[in-house]
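Hi everyone, and thanks for making time for this. I'd like to walk you through a structure that may be new to you, so let me put it up on the screen.

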Amino acid sequence: MEKLVIGYIGNGKSTNRYHVPYVLTRQDKIKIKSIYARHQNWKPIEGVIYTDHLDDLLNDDEIQVIVVTTPSQFHYEYAKKAILAHKHCVVEKPFCETYEEAKELFDLAHENHVIVQCYQNRRFDSDFLTVQKVIESGKLGDLLELEMHFDYYRPEIPENIHEFSKVNSYLYGHGCHTLDQVISYFGKPDSIHFDVRQLLGEGRFNDYFDLDLYYGTLKVSVKSSYFRVKDRPSFIVYGKKGMFEKAKKDKQEEHLKLFYMPGSDGFGIDLPSDYGTLVYYDENGYHEEKVVSEVGDYAKYYDALYETIINGKEPLVTREQTLLQLEILEKGISTLR
């Protein structure tokens, strides 16, 4: 099997928690050759070359893909360098700060005969996959409303940030997860209502957002806050015949934070107590049942990347989806003073 050879720009939490552990479960078809970083703060990976010279990656003919996992404000800069070096490029989310930067990167990639793609791994969250399974079962009937919540109780974060940053806002940093899920499944909305706030005052960190995306009669609400002492359900879906509630989020992140890695028994797997509840009516009357959760696996993003680069399949995350998300993020954050 032909291998896909990867280099990473950045050696922080993103690389070592959300990328490398998954790639290591695909060593039969993917090889991590080099990691560029100015500092070595994580345990080195056996067989990987670490360098503080970016040109070591850009000029390495064996490396096919460069993955940019730096802080968000550097995504555009490093992605552009990778593309101009004729490397395929994957960029962590948020992809860029502006629609225009994103469009420039896609145009450059086309000119240089490479692909550039956003790392939308949360398309493979267990809760999101389970919601899709329930919708597609037809038991809910015509969809009316879907609520998605991504909550924390971390008041110390906004309280310790005293200036506003567009690319480092909560909308950019977390809306990039949930908005992509909406766009990937439902497509482009007919219209959007934005409620984006700075709960600690004007000029401070954006710490709350509530976006309503309308698809005909269906309303999809994407909501997040840093001040939720108790999390709201991850998903609630209402249809004409029933509803589905999934209280608990995908467990992959929780397990990764505990250094319990992909490939381990039970990694990312919901317990029966975590299953969502489906309530609906049909010709036989009222039903209430638990729905076994789908298994989330962020490595499937890399499976799709392999198929695109090695076998010429269509990209998992398209240019149009990424540009639409940047358009929504920019418009939303612009509502703040």
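Let's begin with one pair of helices: α5 passes α7 in a right-handed crossing. On the α5 side, the residues that touch are F128, Q132, I135 and E136, and on the α7 side they are Q181, S184, Y185 and F186. Sorted by class, that contact holds four nonpolar, three polar and one charged residues. The two axes come within 12 Å and cross at roughly 30°. With an angle like that, α5 counts as roughly parallel to α7.

I should say right away that what you see is a predicted model. Now let's zoom out for a moment. The protein chain has 10 helices and 14 strands. Its radius of gyration is 20 Å, close to the 20 Å that the globule rule gives for 337 residues, so the chain is as compact as a globular protein of that length. Along the principal axes, the C-alpha atoms fill a box of roughly 65 × 50 × 40 Å.

Next, the sheets. As a reminder, strands of a sheet pair through backbone hydrogen bonds, either parallel or antiparallel.

One open sheet has eight strands, in the order β8-β9-β10-β7-β11-β12-β13-β14, and its pairing is mixed. At the edges you find β8, residues 191-197, and β14, residues 285-291, each pairing on one side only. From one strand to the next, the twist averages 10°. If you'd like a pair to look at, take β9, residues 208-215, and β10, residues 218-225: they are antiparallel and share eight bridges. Within that pair, Y214 has K219 of β10 as its bridge partner.

So where do our two opening helices sit? Helix α5, residues 126-137, packs on this sheet and touches β7, β11, β12, β13 and β14. The direction of α5 makes about 10° with that of β11. Helix α7, residues 170-186, lies across β7, β8, β9, β10 and β11, and runs at about 15° to β9.

There is also an open sheet of six strands, ordered β3-β2-β1-β4-β5-β6, and here the pairing is parallel. The edges are β3, residues 49-51, and β6, residues 116-118; each has a single partner strand, so one side of each is left without a neighbour in the sheet. In this sheet the twist averages 25° from one strand to the next. Strands β4, residues 65-68, and β5, residues 88-91, run parallel and are joined by four bridges. There, V68 is matched with V91 in β5. Helix α9, residues 299-311, packs on this sheet, touching β1, β2, β4, β5 and β6, and its direction makes about 120° with that of β1.

Back to helix pairs, this time with α10. Which way does α4 run relative to α10, parallel or antiparallel? The axes of α4, residues 99-111, and α10, residues 319-333, come within 9 Å and cross at roughly 165°. An angle over 145 degrees counts as roughly antiparallel, and that makes α4 roughly antiparallel to α10. This crossing of α4 and α10 is right-handed. From α4 the contact uses Y99, A102, K103, F106 and D107, and from α10 it uses R319, T322, L323, L326, E327 and E330. Those residues divide into five nonpolar, one polar and five charged.

Helix α10 also packs with α7, at an angle of about 135° and with the axes 10 Å apart. These two helices are therefore oblique to each other, and their crossing is right-handed. Among the residues that meet are L171, Y172 and L179 in α7 and L324, I328 and L329 in α10. By class, the contact of α7 with α10 has 10 nonpolar, five polar and two charged residues.

Before I finish, two local details. Most residues other than glycine have a negative phi, and most peptide bonds are trans. Here, a cis peptide bond joins K93 and P94, with omega about -5°. You can find P94 in the loop between β5 and α4. And H86, which is not a glycine, has a positive phi near 65°. Look for H86 in the loop between α3 and β5.

That's my tour. Thanks for listening!

Conventions:
Residues are numbered from 1 along each chain as its sequence is written. This is a predicted model: local features need pLDDT of at least 70, side-chain atom pairs count only at pLDDT 80 or more; totals for chains, interfaces and linings use all residues. Side-chain values use heavy atoms; hydrogens and water are left out. Axes are lines fitted to C-alpha atoms, for helices over the stretch in contact, and angles run from 0 to 180 degrees between N-to-C directions. Angles under 35 degrees count as roughly parallel, over 145 as roughly antiparallel, 65 to 115 as roughly perpendicular and the rest as oblique. A crossing is left-handed if the near helix is turned anticlockwise from the far one by less than a right angle, and right-handed if clockwise. Contact means heavy atoms within 4.5 Å. Ala, Val, Leu, Ile, Met, Phe, Trp, Tyr, Cys and Pro count as nonpolar, Asp, Glu, Lys and Arg as charged, and the others, Gly among them, as polar. Two strands pair if DSSP finds at least two bridges between them. The radius of gyration is taken over C-alpha atoms; the globule rule is 2.2 Å times the number of residues to the power 0.38.
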